[in-house]
Each structure stands twice: as C-alpha cells, then as structure tokens.
Amino acid sequence: MATAEPKKTGITEEQQQELDEVFARAQKALAILETYDQARVDRLCQAVAWAVSNKKTFTRLVAMGIEESRLGDAESRMGKRMKIRGVLRDALRQKSVGIIEEIPEKGIVKYGKPAGIVACIVPTTNPDLTPAGNAIYGIKARDCVVFSPHPRSKKTSFETVRLMREALEKEGAPADILQCLTKVNIPMSQALMAEADLVIATGGQPMVRAAYSSGTPAYGVGAGNSTMVIDETANIAEAALNTRLSKTSDFGSGCSADGNLIIQESIFDALLAQLVKEGGYIANDAEKAALRQAMWDDENHRLADTVAVAPQKLAEAAGFTIPADRKFIIVRGDGIGKEFPYSGEKLTTLLAVYKYG
C-alpha cells in the first residue's frame, strides 16, 4: 500500500509535510472504503456526481474556472456536466465489488480489488470535469483519490473537490476518500505520482511522460485534437456541422475536439465551402504565417496565451481581424509531422484541412 516516504528532491519541507498528511488521511479512509458493498459504493458515486453536475453548481464552477484560467467558453463548457452524468451512467452499469466476472470453461473467477491511492493530475482546461469524472471512477473501484490541480485553475479544482467531500460526508462516508493538494507545482505532482498506487494523468505531453516514468502504473491522456478522415461518401452538410460543433465547444480546448480534417479531393472544395457556411474563416497565406508565430515558439512549443480563445481573439493575437460572426479559423495544412505544428494539437478555435487523392 502506498505511503509517503522521506522528502523527495525538488519539493519543500512544507510540501513534504502536506504529502505525508494527505497519504495518512487517505490510508484511514481507504480502510473504511474497502469494506463497502456494491450498493454503498454506487450510492457514493451518485452523490459526488450530483454534487458537481447539477445545473446551478456547475454553472458556478464553469464561471469560476473561466475567470480564474482565462480559458474557454462558458456556454459550450456547460455541456460538460452531461459528460459527468455519462461517466456515472457507465460506471453504474458495471460490477466492481466481489465477484465481477466468471469464466467457467477456464475455471476463472475475477474479484474486484481496490488499487489503493490514486494520483489524479488535473488539466487547466477541465478543472471541474476531470476531478468529478475521476472521483466517480475512483470511488467505484473503492480507491481513494488525491488530486493535483493545475496552478492556473487550482481554486476551481479546490472548490470542486470540496463539494464532493461534502457530499461524501452527507452520506456518512469519509471525506478523505477525495483530497486535493494545495501547494501544487510540477515537483509536487511528480512526488505525488511516485508515491501513489496508480496515476491518472490528464494534461500536456511532458506531464504524461512524467506519469509514465514515475515508477507507478499510470494511465495517461496527452495530446488530443483528433484527425478526421472524410471520404467521398460523406454527407457534406452533416460533416461540416459536426466539425463546427466539435471545433467550437469550449473554444476547442477538449482533447476530443477536431484538430485536422483529411478530405478526399473530389469533395474538398464543397466541404470547405460548407465549413465557411458553418462559420469558418479561411486564413490566407500571410494570416496563416502570422498565426504560426502567435501560436508556437521557434521550437514548435505551443504558447499558452492562445489556448482556448475565441477566433477573433486568436486573430487579434496574430495581428489581423476577422468578422464577428466567424466561429473558427481554417488553415490549409502544409505537411504532417513534428516540423509542421499545424498538424499537431492546437487546443483552440483553429482547424487544419488537408486534401488527399
């Protein structure tokens, strides 16, 4: 079972003390949580999910997160509360206590067993959704979860975890099933990951690489912005609508938001025209070059100040203007790979399009 060990390189004495105290409380809570049956576990999952995903509370958390981080779009981010309910729905359909599967022909019986203390790294783009979703999964497996919030949106994550702790207490369960570090920075997150029994890391590639090299079993969610291949059989209107919905949701900050379209040449022009009808703005060569300078440094590292911003603000950062009714910017891709940043993760209201024959 995980325990906090002597001070790790890079963290202060104060941080080490917090880590020690968090793990001690988690161990006590874990001993109680491990005794719960399936019905009790499922009820706690419902309690923490509702504590965050009810409309009144989530509206407040969304406003708080955007004000704190200066990232994202309040109207479309509100839809993420339904993702919390989706996570709950999927979790409630599964067994996690006692016998969870039997394979008689192989003589195998599988039992649900807690992993222990889970370290959860929270990204700045989802300071409320990520803690809630991982809390549901953690409790479902009878694990305690320690959250390491992103410094840029830590107050929102603190509040999200506080609400879930309050919900646990109302159900007569230990609040310390869920805890949130307060003295957060990269060394503290690394120390947490090294001491935990399991890591769930959501964030940039450096953080995910750190999770995989922590010496602890880890699930990492790194670079996103999916690439969609659209062939000649596609419904052009539907494809363009879906791209716009995906690209503009929370200003493109979600890892599942469309990043690139690879379009069959026979429908390329028609689809591009339809994307414009959906609110796209096609950047010319000079604007594309300016966007490149505004979004990445000389070593192709993504610059934070243009992440999850409205297309008008993105264009302004690059030194040009676009009409107020435009919902996203389109650039023509010029290559694929590390040396072509437009082909990678963008996390904002910009879409790259490519043609294939």
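Two strands pair if DSSP finds at least two bridges between them. Helices (H or I, at least four residues) and strands (E, at least two) are DSSP runs, numbered from the N terminus.

The model is a predicted one, where local features need pLDDT of at least 70, side-chain atom pairs count only at pLDDT 80 or more, and totals for chains, interfaces and linings use all residues. Residues are numbered from 1 along each chain as its sequence is written, and side-chain values use heavy atoms, with hydrogens and water left out.

**Exercise 1. Find where to read the model with care.**

Step 1. Start with pLDDT, the predictor's confidence in each residue, from 0 to 100. Its mean over the protein chain is 92, and 95% of the residues reach 70 or more.

Step 2. Now look at residues 3-7, where the pLDDT is below 50. Beyond near neighbours in sequence, this stretch has 15 contacts in the model (contact means heavy atoms within 4.5 Å).

Step 3. Where pLDDT is low, predicted coordinates should not be read in detail.

**Exercise 2. Check the span of helix H1 and sort its residues by side.**

Step 1. The expected span is 1.5 Å times one less than the number of residues. For the 21 residues of H1 (residues 13-33) that should give 30 Å, and the end C-alpha atoms are 30 Å apart, in agreement.

Step 2. Use these cut-offs: buried is under 20% relative accessible area, exposed is over 50%, and partly exposed is in between (1.4 Å probe, protein chains only). The buried residues of H1 include Leu19, Val22, Phe23 and Leu30. The buried residues cover an arc of only 155° around the axis, so they are on the same side of H1; the arc is that of the directions from the helix axis to the C-beta atoms.

Step 3. Turn to the other side of H1, where Glu13, Glu14 and Lys28 are exposed.

Step 4. Among the elements covering the buried residues of H1 are strand S3 (117-121) and helix H8 (186-195).

Step 5. Zoom in on Gln15, which is found in H1 and is buried, with a relative accessible area of 6%. Leaving aside neighbours within four places in sequence, Gln15 is in contact with Gly10, Lys183, Asn185 and Met188.

**Exercise 3. Trace the five-stranded sheet and its bridges.**

Step 1. The open sheet has the order S8-S9-S12-S11-S10, with parallel pairing. Strand S8 (226-230) and strand S10 (280-282) are the edges, each pairing on one side only. From one strand to the next, the twist averages 30°.

Step 2. S10 and strand S11 (residues 328-332) run parallel, joined by three bridges. Gly280 stands opposite Phe328 in S11, and Tyr281 has Ile329 as its bridge partner there.

Step 3. Four bridges pair S11 with S12 in the parallel sense; one partner to find in S12 is Ala352, which bridges to Val331.

Step 4. S11 is mostly covered, with four of its five residues buried.

Step 5. Helix H11 (residues 265-277) lies across S8, S9, S10, S11 and S12, at about 140° to S9. Axes are lines fitted to C-alpha atoms, for helices over the stretch in contact, and angles run from 0 to 180 degrees between N-to-C directions.

**Exercise 4. Locate the buried face of helix H12.**

Step 1. In H12 (residues 285-295), the buried residues are Glu287, Lys288, Leu291, Arg292, Ala294 and Met295. Down the axis of H12 they fall within an arc of 170°, so they line one face of the helix.

Step 2. The face turned away from the buried side of H12 carries the exposed residues Asp285, Ala286 and Gln293.
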